Amino acid sequence: MSRKIPSNAKLYDVKSLIEMGINPKTGLPMKLDSKIPALLKENIKTQLRIIDEQDHVNLGVWYNIPCDIKSQDLNRMLYYKYQLCLFYSKDFELFFILPFTLATNDGSSLDAYGRYKYIKPLCYYSSTEAKEGETEEKKTPLEVYFSQLKLKVIYEPIPEEELTEEVLYNSAVILQDYTPQFNNRTGLPRYTIQDSLLDVMADCIPLLRTSLLLETGVTGVRVADGDQASEVIDAATSMYNNAMAGVPWIAMVGGLDFQQLTESVSGRAQDFLLAMQGLDNFRLSTYGIDNGGLFEKKAHTLQSEADMNGGPVGLIVQDKTTINQEFCNIVNSIWQIGMWYEPSETITKTDTNGDGVMYDRNDDGSQGGIETGGASDEPSE
């Protein structure tokens with residue numbers, strides 16, 4: 001006995017649908033299946049990365065930089081490289097601030113404290129390690145030039161009477177983003193350290209979105225075939241359009257079985273926002289920026305309570321300021337260029353330059369705001 005084929009049976013060209021980017025099961029573009037949630041987190045993390053970098057590069061202001069870079073450029077390089085070196089090239093008659101690597105691999109370039117004795121600079125876009133099989137022909141002229149340098153690292157200010165041509169033209173001063181830990185020579189770039197925290201923060205908004213969706217009371221509709229599924233999608237679209245237009249009723253035809261797919265979870269959304277706020281406060285504290293602390297009360301908070309929650313972030317700003325100003329003192333003792341660093345007025349909440357506003361303003365577009373002497377393209381001998 002032959003089997004009777006239902007009158008509504010259809011044979012779909014699944015392969016053609018897939019090639020067109022259509023999900024055969026839902027009839028919707030496949031990019032809507034899984035990419036939107038992933039892109040949401042990815043895009044939010046990109047936004048958080050930009051904010052984090054902006055916070056870092058604006059923590060303080062550099063004055064009289066002898067190179068053709070701005071204060072933010074120097075801070076950005078530290079954000080991605082952790083440490084840089086400043087040196088003067090007699091061949092180019094220019095100062096450079098660049099990443100570097102150990103000049104030799106036999107251990108003779110380390111002192112008793114494990115610090116670099118001799119280094120060689122690298123172009124900012126170069127890797128610290130040469131690629132296997134890489135030849136001199138594949139390097140740029142600047143990379144070849146820097147690879148042949150061997151600069152002595154200076155760790156203390158040099159008295160004027162002890163300055164020599166060897167110090168002027170064959171030495172470098174190292175600048176680090178923060179005080180190193182056990183190893184004096186290396187540290188993790190700030191963007192690497194912050195990555196895991198930013199990843200957790202980026203989770204909060206997609207989870208918040210899911211929580212809000214769960215509170216919408218989405219209803220499932222049981223259908224018999226694909227045609228009815230399309231009708232449900234059309235009805236859902238009409239319902240959204242009516243809601244946006246302020247039309248309270250929509251006509252629906254058919255005896256379909258409605259099922260509640262979600263349950264109300266009111267109150268969860270604000271928990272995600274509080275969690276993200278606490279994480280962001282922790283992120284700000286790693287830079288020494290005042291914040292509300294890891295936990296902020298939902299009710300009114302007294303200023304004294306807010307100050308206690310924020311924690312002693314001033315020492316973090318002091319650490320960076322001390323490192324940068326010691327670097328400037330050594331550089332100025334050698335090349336007399338008047339380079340200097342000050343924490344941002346936005347961070348210290350103090351009108352340092354007396355211009356009447358508590359932010360770093362350069363009306364003339366220059367790097368300067370503090371009279372420390374003019375920068376020169378050549379070191380004084």
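1. A residue counts as buried when its relative accessible area is under 20%. Cys85 has 1% relative accessibility, so Cys85 is buried. Cys123 is buried as well, because its relative accessible area is 4%. The structure is a predicted model, which applies to every point below.

2. On disulfides, a search of the whole structure finds zero. A disulfide is a covalent bond between the sulfur atoms of two cysteines.

3. The sheet is open and has six strands, in the order β3-β2-β7-β6-β5-β4, with mixed pairing. At its edges are β3 (94–98) and β4, each of which pairs on one side only. From one strand to the next, the twist averages 35°.

4. Helix α3 (residues 71–81) packs on the sheet and touches β2 (83–89), β3 and β7. The direction of α3 makes about 130° with that of β2. Helix α10 also packs on the sheet, touching β2, β3 and β7. The direction of α10 makes about 165° with that of β7.

5. What joins strand β4 to β5? Strand β4 (residues 100–102) is joined to β5 by three bridges, and the two run antiparallel. The bridge partner of Phe100 in β5 is Pro121.

6. Which residues of strand β5 lie on its covered face, and which on its uncovered one? In β5 (residues 118–121), Ile119 and Pro121 make up the covered face. Tyr118 and Lys120 make up the uncovered face. Pro121, the partner of Phe100, thus belongs to the covered face of β5.

7. Strand β6 (residues 151–153) is joined to β5 by two bridges, and these strands run antiparallel. Tyr118, on the uncovered face of β5, stands opposite Lys152 in β6.

8. Strand β6 is also joined to β7 (residues 171–176), again by two bridges, but here the strands run parallel. Lys152 stands opposite Ser171 in β7. Lys152 therefore has a residue opposite it in β5, Tyr118, and another in β7, Ser171.

9. Does the length of helix α10 agree or disagree with its residue count? Helix α10 (residues 314–335) has 22 residues, which at 1.5 Å a residue should span 32 Å. The end C-alpha atoms of α10 are 31 Å apart, so the span agrees with the expected one. Just after α10, Gln336 takes a positive phi of about 55°.

Key: Residues numbered from 1 in each chain as written. Predicted model: local features only at pLDDT ≥ 70, side-chain atom pairs only at ≥ 80, totals over all residues. Heavy atoms only, no water. Buried < 20%, exposed > 50% of the residue type's maximum accessible area, 1.4 Å probe, protein only. Helix = DSSP H or I, 4+ residues; strand = E, 2+ residues; numbered from the N terminus. Pairing = 2+ DSSP bridges. Expected span 1.5 Å × (residues − 1). Axes fitted to C-alpha atoms, helices over the stretch in contact; angles between N-to-C directions. Contact = heavy atoms within 4.5 Å. Disulfide = S-S within 2.5 Å.
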